[in-house]
Amino acid sequence: MNVKVVYATKTKHSKKLAEAIASGLQIKAQNISEHPVLEDVDLLFIAGGIYGGESLPGMIGFVKELDNSKVKNVVLITSCTSKTTGQATVRKILNEKNIEVIDEFICQGSFLFFGFGHPNRADIHDAVEFSRRIADQTHV
Ligand SMILES: Cc1cc2nc3c(=O)[nH]c(=O)nc-3n(C[C@H](O)[C@H](O)[C@H](O)COP(=O)(O)O)c2cc1C
């Protein structure tokens, strides 16, 4: 199974999560700003933060370019202070493209004193375990 991990980040929380998840899966995380080439991907982890209730514009642009003949399934890894706001626009675009969103892990991030210290070691551990479990369960 071909698994990839990509991320978009402003304050490196999603980078941290993506790199830990990728390392757990023995692959390398790729920043979407480096235009990763995605071919025959069975499972794509997309990690990103939330700004004003939205994903970063670069992330939305990246997802708009995805193609269901090249990417089959997606798992969203979301970093935000509320711990409740998902990547709704990304999910909607993927649904419109018939790319299945298997699940979403929402991780506590931080901004100023909100959520200070997150994502911490326990958050990262949980994200890695969640991702491993999904990768193990997904057989394409
Ligand atoms: C300008 C700004 C706006 C933010 N807006 C939200 C928001 O609407 N909802 C939320 O839960 N978190 C919000 N956050 C917190 C970020 O989502 C959080 O810090 C996240 O971990 C950032 O991920 P990143 O470092 O990968 O970019 C905001 C942070 C900043 C700096």
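Is H35 buried or exposed? In this predicted model, H35 counts as exposed, because only 12 or fewer C-beta neighbours are allowed for that class and H35 has 10 other C-beta atoms within 10 Å. The residue is found in the loop between β2 and β3. Its phi lies near 50 degrees, a positive value in a residue other than glycine. A second case is provided by N98, which is likewise not a glycine and has a positive phi of about 60 degrees. N98 is found in the loop between α3 and β6, and it counts as exposed, with 8 C-beta neighbours inside 10 Å. Most residues other than glycine have a negative phi, and most peptide bonds are trans. Against this background, the peptide bond from H118 to P119 may also be noted, since it is cis, with omega near -5 degrees. P119 has its place in the loop between β6 and α4, the helix of residues 121-137.

The strand arrangement was examined next, beginning with β1. This strand spans residues 3-8, and six of its six residues are buried, so β1 is largely enclosed by the rest of the structure. In a regular strand the side chains alternate between the two faces of the sheet. In β1, V3, V5 and Y7 point one way, while K4, V6 and A8 point the other way. The residues of both sets are buried, K4 among them.

Two strands pair with β1. With β3 (residues 41-51), the pairing is in the parallel sense and extends over six bridges; within it, V3 stands opposite L43. With β2 (residues 29-31), β1 also runs parallel, and three bridges join the two strands. Here V5 of β1 stands opposite A29 of β2. Between these two strands the chain passes through helix α1 (residues 13-24), forming a β-α-β crossover that is right-handed.

Further along the chain, strand β5 (residues 71-80) and strand β6 (residues 100-108) run parallel and are joined by eight bridges. The bridge partner of V75 in β6 is D103. The connection from β5 to β6 leads through helix α3 (residues 88-96), and this β-α-β crossover is right-handed.

The largest nonpolar core of the model contains 32 residues, of which A18, I21, I46 and I77 touch the most other members. Two or more residues are given to this core by each of β1, α1, β3, α2 (57-64), β5, α3 and β6. The greatest contribution, six residues, is that of β3. The surroundings of I46 were considered separately: apart from its neighbours within four places in sequence, I46 is in contact with V6, V74, L76, I77 and V90. One of these partners, V6, is a buried residue of β1, and another, I77, is itself among the core residues that touch the most other members.

The ligand is surrounded by 19 residues, and S14, G49, C80, S82 and G109 come nearest. The elements that give two or more residues to this shell are α1, β3 and β5. The largest share comes from β3, which supplies three residues. Strand β3 thus appears both as the main contributor to the nonpolar core and as the source of the largest share of the ligand shell. By residue class, the shell divides into four nonpolar, 13 polar and two charged residues.

Two of the residues that come nearest the ligand, S82 and G109, also serve as reference points for positions elsewhere in the chain. G53 lies 29 residues from S82 along the chain, and their C-alpha atoms are separated by 9.7 Å. G53 is found in the loop between β3 and β4 (54-55), and it is exposed, with 10 other C-beta atoms within 10 Å. D123, in turn, is 14 residues from G109 along the chain, with a separation of 9.2 Å between the C-alpha atoms. The place of D123 is in helix α4, and D123 counts as buried, with 22 C-beta neighbours inside 10 Å. Leaving aside its neighbours within four places in sequence, D123 is in contact with C107, Q108 and H118. Of these, H118 is the residue that precedes P119 at the cis peptide bond.

Methods
Residues are numbered from 1 along each chain as its sequence is written. This is a predicted model: local features need pLDDT of at least 70, side-chain atom pairs count only at pLDDT 80 or more; totals for chains, interfaces and linings use all residues. A residue is buried if 20 or more other C-beta atoms lie within 10 Å of its own, exposed if 12 or fewer, and partly exposed in between; C-beta atoms are placed from the backbone. Helices (H or I, at least four residues) and strands (E, at least two) are DSSP runs, numbered from the N terminus. Two strands pair if DSSP finds at least two bridges between them. A crossover is right-handed if, with the strands pointing away from the viewer, the path from the first strand over the helix to the second runs clockwise. A residue is near a molecule or strand if its C-beta atom, placed from the backbone, lies within 6 Å of it. Ala, Val, Leu, Ile, Met, Phe, Trp, Tyr, Cys and Pro count as nonpolar, Asp, Glu, Lys and Arg as charged, and the others, Gly among them, as polar. A nonpolar core is a set of buried Ala, Val, Leu, Ile, Met, Phe, Trp, Tyr and Cys residues joined through C-beta atoms within 7 Å. Two residues are in contact if their C-beta atoms, placed from the backbone, lie within 7 Å.
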